[in-house]
Amino acid sequence: MSEQKLAVNEYLKTDSDFLRGTIKEGLATQVTGSFCEGDQQLIKFHGFYQQDDRDLRNERKAQKLEPLHSFMLRARVPGGVCTPQQWLDVDRISSTLTTSNSIRLTTRQTFQYHGIPKRNLKTLIQGLDQTALDSIAACGDVNRNVMCNPNPVQSQLHQQAYQVAKELSDHLLPHTHAYAEIWLDKDKLVDTQTREPVYGHTYLPRKFKMAVAVPPDNDVDVYTNDLGLIAIAQDGELVGFNLTAGGGMGSTHGDVETFPRLADNLGFIYTKDVIKFAEAIMKIQRDWGNRVNRRRARLKYTIVDNGFDKFKAEVESRAGVKFEPMREAVIGDRGDRYGWVEGIDGKWHLTLYIESGRIKDVEGKMLQTGLREIAKVHKGDFRMTSNQNMIIAGVDAADKDQIEGLARQHGFFGKVISQTRGHSIACVALPTCPLAMAEAERYFPDFIDHVDRLQQKHGIAEQAIVVRMTGCPNGCARPFAAEIGLVGKAPGRYNLYLGASFEGTRLNKMHKENIQEAEILSELDQLFEQYAQQRNAGETFGNFTVRTGIVKAVHDAAKDFHG
Amino acid sequence: MLLKELSALASPLSQGQVEKLKQLTAQLTPVQQAWVSGYLAANANQANADVNLPQADSSPTLTILYGSQTGNGHGIAQSLAEKAQSQGYAVNLSSMGDYNVRQLKQESLLLLVVSTHGEGEAPDDAIELHQFLASKRAPKLEQLHFSVLALGDSSYEFFCQTGKDFDQRLRALGANALTELIECDVDYEEQAQQWQTQVIDAVKPLLQTSSASVVPISQAQSATSQYSKQAPYTAEILVSQKLTGRDSDRDVRHVEIDLADSGIQYQVGDALGIWFSNNPQLVNEVLTSLSLSGDEQVQVKNASMTLRDALLNVKELTQLYPGFIEQWAQLSADNNLLALIEDKVQTRQFMLKHQVVDLIQSSPASTTAQAFVDLLRPLTPRLYSIASSQAEVDTEVHLTVALVEDERQGQARFGGASHFLASATEGQQVKVYVEPNKHFRLPENPDTDVIMIGPGTGVAPFRAFMQQRSVDGASGNNWLFFGNPHFEQDFLYQTEWQQYLKNGELNQLDVAFSRDQADKVYVQHRITEQGAQIWQWLQDGAHLYICGDAERMAKDVHQALIDVAQLHGALSADDAAAYLDTLRADKRYQKDVY
C-alpha cells in the first residue's frame, strides 16, 4: 500500500496545514470569483462548495466572462433544530448575501444557501456565527451533519435522542482552528499534532454520515448512513440504540466496483457507550478506509473489503465494549406527518410541505416571507426534516390558529399533496450542482404530476409510493432506497430503479437504463396497472415489484445490486 | 493630391523624378501603392534621423502647431500645411506636445489650431505650451505674426477657451495677429477651410516662395493608407458580441471589423473613426412628428437628396446642439424652451439628456423639409479607441463599444454610432478610418514597465497594448487597473486578463467594482491602496496611461496619483503635481480620455 499513489485529495489534506490551504489568498483575489483547484476541495471542510450557473456557461464564455461562480454553503444543524431567532437571522442572510433569493432545506436536515458570491462568504459565515450557527464540517471528508428524527410527538424520548445526536456532532467536530482563523478573524493558534485527536491530519478517506432514528419513524432513512442509531426506549425513556454501519448511496455509473448499500446491523449498545462506539467506528474507517480510490472510500467498502465479522470485532475491541443482541424495533414510515400533530406533552407541531425544500417567494406561495412572519411570533422551535420539509414545533394550543393563519396566508396550503408526493424527494441538480447530469428539482414537480395522474388512472392514488430523483448517482436524495428511483444519466435521461421496500430496509435495482420521460411514464403506466390488479392486501409497490419478479431483490449490494 | 495633378511646381520633386514616379505608380495596385507609401515614409523618417536636411534659405518658416484630443485639430493643421507647401512655403508642422517651447522666440510665423477640453481646459498635448505662455519665462514675441483657430463645442460653458487663452497671451506678449481668433463649433469644416485660405493670403507678403521647402515633421505613422475621415474605407463587421452579462444594466459590445485588403495600418493607441447611419426607426419617428413623408427633396450643401436620406446618412439626429434648441425654441414659441436657452448650464444639461426627436415631440412646431434639414448639423463620425493590435489580429480592428441607451416616456433612445455597432449583424458595412493618436503610445523600450488605468470601456486600448506587448515578447512589467459596477456582470474581457495573468504577461491586475459592496469603490481607491508599489514602479521608470471618462475618472485618478507622489515620494502638493507634469512632458504619463 505504501508505494501506491494515493488519491489527489489525500495529498491536498496532508499539505493543507489542517484545512487552511491558500483559502485566505483565494478570498483576497478579486480577479476571479473562484478558488484554485486545491482550495476547492478544502473549502468543503468549511461547509461550502464552488458551483457555477451551468445554464450560462456557454453564454458567458462568448462574453469573455468566466463562469458565473458562486458558492453553496450548508450549515451544520444537528437534528435540524433551530430557534425562531436563528431562523430570522438565516432568512436575513439569505436576502442580503446570496443571489438565489431562497433557502434550500436538504435531505440531511439542514439548510443550504445557493448563489453566494465569493466576496460575501466571510460576512455570511460571520453572520451565522453571530446567531450561533456554523458550517464547520458540513461537507468534506469528516462526520457530516448528524441527523435525528425531528418529530417530537414522544417529546421526552425525542429530546433524549436529540441530545445524543448533538453530542455526537460536537464530539466528532474537527478541532482545527482554520475555520475560526479564516472566517472569524480569530488569532492563529500554535499548531500541535494533537489538534485532531480523532481525525489526524489527513481526516477521513471520504465523507461520513450519521443518523439517529426514533422508531417507528424512519424519516432519517437510517440504513443509508455510514453509522445508524436506532433508539430503543423502555417505558418512554431512552436506554440505548441498535447500531448499524456501512450504508451509503454514492456510486458511479458504469463502475460495478461501486454500489449503493444499506447498513448492516451490529447490535445493541447502551446510551453511555455511544461516543465510544462512534469514535471507534470512525477511527477504523480512518485507518482502514481506502485512500487510493475515492470512489471506493466510504465505510461500506471498508466493511465489504475486510469482512463484516472482522470489522465488528475491531469495533468491539476499539470501543472496549461488546455488542448486545439487537433489540426489537419497528422500522416504519419514511415520510413526514403533514399538518398538526399533538405531542404527549400537549404541545402541537405543524409540518409544512415544502416542494423540494425550496423556501422562496413566488406569487401565491410566499414561503420565505411566511416562515419569517411565523418566526416573528413563534415561541417553540423550527425543525427541518430529512424529507426537506419544515416543522413548526412546540406550539401552545392557544397559538395554533395564529400560526396556521400565517401559513395559510402565505400559501403553504395551496394544493392537496398526494400521498406519493408527500413521500418523495429530489436533489438540487441543475443548474448549480456541478455533478448533475440531468434535471431533478426543477423537473420533479412536473414528473410527480404525471405519477399522480397515473396512480389516479389505476385507482391506486391512496397508496404512498416513495419516488426519488437525483441528477447523478452520488445519491443526495437517496434514490437507491426509493420504490421508484430515477437517477440522471444525461439531459432528459434517467436510469429507472425499482424494488426498494417502503420502509427503507431494502435497496432497489435497475430496471431500465437511460430512458426518457415518455418511456418512463409508459413503463410506470404498465407497472401501476399490474400493481392495481395483482397486489396483495396492504402490499407496497416496492414489495410488489420484487414478489412478482419484475426486479430481483437486493439483499447483499456488493453481490446483487449490479447484474 | 491626385497623381495626374502632380507637377514639379507643387512638389519637392524634379520634373524627371515626377515622371518616374508617375510611371511606377501606373503599374501598382492601390494596395501596393499604399505599401510603397508606408515604405517611403519610414525611409524618409530614417533619413531625417541620420542626416541634417539642407536648411531652407533665409526665408522664414511657417510653423503650424496643433493641440487636440480627437484628431480634428491635427487634420486641419495637416491640411493647412499641405496647402502652404503647395504654395512653396517652408513649413514646420508639429504637435504642441512635441514642440520645444524655447524655440518660440525664434519664430516669426506661427499658426495654431487648438481644441478645448472638458470645462475649458487645454488638451493634454497643449498643456505645456499653454502653461509656458502664461509663465514668467515667456519671452517677448514682438517679431511674431500669428493666428489661432480654436475648436470647441458651443454647448460647453467655456467654449473655445484654450484658443482664446492662446490668442490673448500671444497678443499680450506683443505678437501681431494675422487674423482675429477663429472660434469653431462642432461643425467646423467650413470655417476651417476659410481660415486656411485667409491665413495663407495673410502670410504671403511676409514670406518668399521657397523652392526647397522643409518636409513636415509629421510622424511616419499610420497614415500610410489612402483612407481618411473624408474618404473612409467601407469595411465589414465580423462580430458584435455582448461583453456584459445578462443581468448587467449596461450593454457593452466587443466589435470586430474586417479591414481586409484595404492596406489600413494602425498602431496600438490609435482610434478608429466610425461613420454610421441613423436608426431608420428613429428617422421614422422624426418624420412622423413633423408630419413629413421623407420623400421630400432637400438640398444639403450642393447635393440633392430625399429628406429621409438626409436624416439617415447626412445629418446628426442623436446629439443636440444649442443652435438647434435656440432655433426650435423660436419656431415652436415654447415658453419652457425659450426660458431654457437663457441658461447655458441648463441648456447643456438638457442637451445631454435629449435628442432632436425629443424636442420636436415635446415642443411641436411646423416646418418644411428644407428648413428642418438646415437646422441640423452634419453627421459627424465617432471615434473609438482601438482595442486590438495588428500584430495579433492582422487585418482586423476591434472596438469596445458601450451602447448609449436611455428611456424617455417609455421610448428607447440610443446613441447613434453605438446603437449602429451594437445592433450590427455579421457582414454589415461600416465606413471607417484610422485616427492616429501618437500621444498614447507604448514605451519605445520594451523593457519599460507600464501601468494602465482603464475603467469601463477605457480598458479598450490596454487590450491592444497587451496584445502588442505579448506578441513583441516585451519584457517590461504590465499592471492594469480596471473598474466597473459589478464583478459578475461587467468585467470586460475578464477571461483574457485571466489568461495574461496566468501566462505571467500581465503582472498585476487591480479591480474595483463599485456596486458590489455598500461603499462605492473606484480605480482611484485601488491606486491609493497600491500607492507604495505604484511609486516604486514609477521610480523604476514605468509609464502611466489613463483611458476613459475625462469628466470625473481621469481627474480623480490624477488626484490619487498626486496623493501617491506626496505620500510615498514625500513631496509637497505642488511638487507632486509638478512631478506628474514632468512625467507628462517626458511622455511617461499619457491620457486618452473623452
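In this predicted model, chain B runs to 594 residues, and buried residues make up 42% of them. Its secondary structure adds up to 22 helices and 21 strands. Counting contacts in chain B with a separation of 6 or more, 77% come from residues 24 or more positions apart.

One stretch of chain B carries a label from a database record. UniProt, in an unreviewed entry, lists residues 62–200 of chain B as "domain: Flavodoxin-like". In the model, helix takes up 34% of that span and strand 22%, and the C-alpha atoms at its two ends sit 10 Å apart.

Helix α4 of chain B, residues 127–134, gives a closer look at how packing works out locally. Here B:Leu129, B:His130 and B:Leu133 are buried. Looking down the axis of α4(B), the buried residues fall within an arc of 100°, so they line one face of the helix. That fits the usual geometry: an α-helix has 3.6 residues a turn, so residues three or four places apart point the same way. As for what these buried residues of α4(B) pack against, the partner is α5 of chain B, residues 161–172.

Turning to chain A, the domain assignment splits the chain into domain 1 (1–20 + 142–176 + 185–334), domain 2 (48–135 + 338–415) and domain 3 (420–560). Between domain 1 of chain A and domain 3 of chain A, the C-alpha centres are 27 Å apart. Their contact draws on 17 residues from domain 1 of chain A and 15 residues from domain 3 of chain A. On the domain 1 side of chain A, the residues touching domain 3 of chain A sort into seven nonpolar, seven polar and three charged.

Next come the nonpolar cores. In soluble globular proteins, nonpolar side chains tend to be buried together. The largest nonpolar core in the model holds 152 residues, and the ones with the most contacts inside it are A:Ala161, A:Val212, A:Ala231, A:Ile392 and A:Ala440. Leaving aside residues up to four places away in sequence, A:Ile392 touches A:Leu350, A:Leu352, A:Ile374, A:His378, A:Gly380, A:Phe382 and A:Ile403. A second core, separate from that one, has 79 residues, with B:Ala387, B:Ala464, B:Ile527 and B:Cys547 among them.

Finally, the two chains meet. Chain A puts 14 residues into the contact and chain B puts in 20 residues. By class, the chain A side that touches chain B has five nonpolar, four polar and five charged residues.

Notes. Residues are numbered from 1 along each chain as its sequence is written. Chains are lettered from A and ligands numbered from 1 in the order in which they are written. This is a predicted model: local features need pLDDT of at least 70, side-chain atom pairs count only at pLDDT 80 or more; totals for chains, interfaces and linings use all residues. UniProt positions are given in the numbering used here, feature names are shortened, and annotations may be inferred rather than shown by experiment. Helices (H or I, at least four residues) and strands (E, at least two) are DSSP runs, numbered from the N terminus. Domain bounds come from an automatic or database domain assignment. Two residues are in contact if their C-beta atoms, placed from the backbone, lie within 7 Å. Ala, Val, Leu, Ile, Met, Phe, Trp, Tyr, Cys and Pro count as nonpolar, Asp, Glu, Lys and Arg as charged, and the others, Gly among them, as polar. A residue is buried if 20 or more other C-beta atoms lie within 10 Å of its own, exposed if 12 or fewer, and partly exposed in between; C-beta atoms are placed from the backbone. A nonpolar core is a set of buried Ala, Val, Leu, Ile, Met, Phe, Trp, Tyr and Cys residues joined through C-beta atoms within 7 Å. The arc is that of the directions from the helix axis to the C-beta atoms.
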